[in-house]
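User: Please take a close look at a single part of this model, the sheet and what surrounds it, and describe it in one connected account. I would also like to hear about a helix pair and any backbone angle that deserves a comment.

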Amino acid sequence: MREDRPSSTAMLIAAATVYLDGDPQVRGLVPGGAAALCRRLISSFPMPARTVIGALCHPALRWLARLAERATVPGLMLHFLLRKRMIESAVTEAIFRGASQVVVLGAGFDTLALRLHRFYPTVTFIEIDHPATQRIKREAVEADQAGGRNLLFQPSDLTRQTLDEALACVPAYRHSANSVFVIEGVLMYLTHMEVSTLFRLFGTKSGDASRVVFTVMEPIAGGPIDFHNATPLVKRLLRLWREPFKCGVAMTELPAFLQQFGFVPYIVANADTLRGRYLADFAGDPPVTARGELVCIADKR
């Protein structure tokens, strides 16, 4: 994460949303309104990124984007989409059960809070993200007058500031309220100590019926923390982007990890789980999806 630039990964995921919305086979999996919001956000990206994304999403050059994906992590874009579908379902379910605030950490250019805050006006949505990334998103939202009073932005670099300190800057956040914490595509960039600090706060600074929805890398046995089907090119790209993976938890270790912070896993989904849930009715052979990242929904005991 560069101090003066938005996250490369955040821009990639926004581009993937727009790209997949142009694919007739999987377009139905893109949440309603997500692609339009991502297009608006992409229009505010720095010029080099905006130009490249626009070119790769052009109908005549879509093959080039697929080629790039196969050369790095085959099926990565579709994996992003499937994990977002599961995360959104977990958040809306928690709201129906009484959660009154949703905190999205490292929101990037994700559209979850942007879309849901209008459907749930009594729920407070708080996005906490690195200032360089959040500035672009916040300016676009303000320019379009797309934000409601229950959508709040708090800039914070969680490698330098604790979540407790960031939330202290948000007067609307209530420590006793039932909450949903969303941490998508973030934990792999933090150290194990930083991750433990986050989950300890989730357990102590939220209501008794709170939920954590997160993604975490599952390390390869005896190998690095990476997508299991990643190509060697990925390691070089991560070094170039300066966003290396630091943390991973095996699926078998998640219950014990969560228990120490007062949570129990409700669902732990790997690539096979996601494919079974969202691609079971796919016409023909289901497309390839990336492997090696888990989606976990955990509730307070």
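Analyst: What follows goes from the sheet to one of its edges, then to a loop residue and a helix pair. The model is predicted, and the values below are to be read as computed from it.

The sheet is open and is formed by seven strands, whose order is β3-β2-β1-β4-β5-β7-β6, with mixed pairing. At its edges stand β3 and β6, the latter covering residues 263–269, and each of these two strands pairs on one side only. Between neighbouring strands of this sheet the average turn is 20°, when direction is ignored.

At the β6 edge, the partner is β7, which spans residues 293–300; the two strands run antiparallel and are joined by six bridges. Within this pairing, I267 has I297 in β7 as its bridge partner.

At the other edge, β3 includes Q154. Because its relative accessibility is 12%, below the 20% cut-off, Q154 counts as buried. Apart from neighbours within four places in sequence, the contacts of Q154 are with E127, I128, D129, Q134, A166, C169 and V170.

The backbone angle that deserves a comment belongs to Q145, which is not a glycine and yet has a positive phi of about 50°. This residue is found in the loop that connects α7 (131–144) with β3 (151–155). Where Q154 is buried, Q145 is exposed, since its relative accessible area of 70% lies over the 50% cut-off.

For the helix pair, it helps to recall that two packed helices are described by the angle between their axes and by the distance between the axes. Helix α1, residues 8–21, and helix α2, residues 34–42, have axes that come within 9 Å and cross at roughly 130°. That angle makes α1 oblique to α2, because it lies neither over 145 degrees, where a pair would count as roughly antiparallel, nor in the range from 65 to 115 that counts as roughly perpendicular. The crossing of these two helices is left-handed.

On the α1 side of this contact are A14, A15, T17, V18 and D21, and they meet A34, A35, C38, R39 and I42 of α2. Sorted by class, the contact of α1 with α2 comprises seven nonpolar residues, one polar residue and two charged residues.

Definitions and conventions:
Residues numbered from 1 in each chain as written. Predicted model: local features only at pLDDT ≥ 70, side-chain atom pairs only at ≥ 80, totals over all residues. Heavy atoms only, no water. Axes fitted to C-alpha atoms, helices over the stretch in contact; angles between N-to-C directions. Helix = DSSP H or I, 4+ residues; strand = E, 2+ residues; numbered from the N terminus. Parallel < 35°, antiparallel > 145°, perpendicular 65-115°, else oblique. Left-handed = near helix turned anticlockwise from the far one by under 90°. Contact = heavy atoms within 4.5 Å. Nonpolar A, V, L, I, M, F, W, Y, C, P; charged D, E, K, R; others polar. Buried < 20%, exposed > 50% of the residue type's maximum accessible area, 1.4 Å probe, protein only. Pairing = 2+ DSSP bridges.
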